[in-house]
Amino acid sequence: MNTVHSKYETGQLLGSILFEFCCRLHWSSSLYDKKDDALLFMSRGGLRLKFLYELFLKVNGLKAAVYCQPLWISRFAALKMIFEENPELVVSCLVREFSYTSCERLALALLPEQLYPDKMDLLSSLPEKLAEAPVDRTNVFNLYYDSCSYSRTLRKHFAEQHELGHDYLNREFAAFENLHVVDTGWFGSILGALQTGCRNWNWDALYFGRWNYRAEAPWYFADVIGLFIDAEGFSAPGLNNILLEYHHLLEGVLEPRLPSVEYFTADGKNNAVTDDWPERVAGTEKEEIWQGIKDYFQSRHSLELSAVLKESTCSLNLLKRLIRYPHPAEVNCLLVPDRSADFGKNESIAVISPTVPGCRNYWRTVNRSLWGAGTIAASGKYFIRSRQFIWQILRKCGKIKSAV
């Protein structure tokens with residue numbers, strides 16, 4: 001049975017898939033206007049896609065069809081800078097991200113500690129009833145417009161981010177009319193923020209994958225193009241869509257060790273730009289999966305379509321088995337670090353969760369983990385393949401929805 005024996009070999013598999021993505025990106029961008037259009041590779045995952053795309057061009061002796069540049073932004077930073085233009089969109093996104101907690105926890109996340117070392121004192125000014133209230137539309141607006149010291153500071157912070165964020169975009173991209181955001185995926189909610197809050201440009205997105213896992217389609221979703229994956233629903237059929245069952249494999253590898261953008265600064269930068277950011281994007285040999293991807297690109301010097309498709313299809317077929325039915329010895333070969341919750345949260349979500357005794361608790365743990373089949377294999381229980389098969393049946397029938 002085909003398998004992988006190291007993270008490096010997993011990287012080689014992903015390398016063939018990402019090579020096909022770069023082919024598709026190059027063909028798509030060749031249709032754009034060199035003067036009016038630009039590809040903006042969004043931090044953080046887009047920075048490594050840019051690295052791979054430039055490597056793809058280099059090894060094949062090609063030039064980019066249009067201007068390519070990093071876009072230092074995140075959903076969190078974008079929402080802060082467009083509150084003035086579209087408060088309803090901002091509030092709805094915050095409710096979606098924080099609906100499980102209290103307004104005090106939301107308030108803690110909204111102000112960055114680096115800019116507001118007195119944040120805890122500001123939090124103490126919140127009315128007790130508001131601090132304990134659940135995060136919903138009404139309470140978020142109340143939090144923003146309250147008369148307490150915290151809310152006044154929050155409004156000032158958002159106003160500053162509006163000015164600094166728009167200054168950054170105008171300074172970097174004023175020469176262009178059409179901006180195409182490149183990232184891993186999936187839903188494109190940042191595109192809605194940019195389209196409604198930054199109207200000097202026409203925005204769309206070229207993602208590795210477009211995935212309507214929420215079973216809803218807001219206006220901006222039509223402007224997202226999934227170059228490798230385009231899927232509807234939580235259990236999407238199709239070989240390419242196997243990556244959706246453990247999309248954190250792709251995202252974890254493509255995110256360099258950089259913080260998420262939380263705010264822009266007066267010097268025209270942001271909190272994520274460090275002096276060594278290019279080196280962090282390039283990565284080191286210790287990042288074995290990433291190294292395997294890079295080495296695959298270095299060894300690939302052909303754009304013959306049939307060969308590209310054949311190699312990526314073979315990789316997907318093997319990954320299909322590895323993602324759905326990994327053996328215990330294979331789990332580490334596909335394992336990525338726990339995933340950051342972002343949005344100002346100091347939290348992370350486990351890719352593999354330790355299982356606990358009891359049938360109900362066992363399946364709850366599998367359901368909470370980011371890679372259910374991997375958690376089953378890592379548990380070391382008997383009948384691993386049978387449990388993974390049951391897990392797949394439950395997912396296909398829509399009986400469960402594992403963590404996204």
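**Notebook: a cavity, helix 8 and Val224**

I started with the second largest cavity, which holds about 40 Å³ of space. Cavity here means a set of points on a 1 Å grid over the protein atoms alone where a 1.4 Å probe fits but cannot get out; points are joined across faces, edges and corners, and the volume is the space filled by probe spheres set on them.

Note to self: this is a predicted model, where local features need pLDDT of at least 70, side-chain atom pairs count only at pLDDT 80 or more, and totals for chains, interfaces and linings use all residues. Residues are numbered from 1 along each chain as its sequence is written, and side-chain values use heavy atoms, with hydrogens and water left out.

I counted 4 cavities of 30 Å³ or more in the structure. For the second largest, I listed the lining (an atom within 4 Å of a point): Phe83, Val90, Leu94, Leu110, Val140, Tyr144, Leu154 and Phe158. Helix 4, helix 8 and helix 9 each give two or more residues to that lining; helices are DSSP runs of H or I, at least four residues, numbered from the N terminus.

Next I looked at helix 8 (residues 137–145), whose buried residues (under 20% relative accessible area, 1.4 Å probe, protein chains only) are Asn139, Val140, Phe141, Leu143 and Tyr144. Their cover includes helix 4, helix 5, helix 7 and helix 9.

Last, I checked Val224, which is buried because its relative accessibility is 3%. Beyond its neighbours within four places in sequence, Val224 has contacts (heavy atoms within 4.5 Å) with Phe187, Gly188, Leu191, Ala205, Tyr207 and Arg210.

Technical notes: Buried < 20%, exposed > 50% of the residue type's maximum accessible area, 1.4 Å probe, protein only. 1 Å grid on protein atoms, 1.4 Å probe; cavity = no way out; pocket = protein on both sides within 12 Å on 5 of 7 lines; lining within 4 Å.
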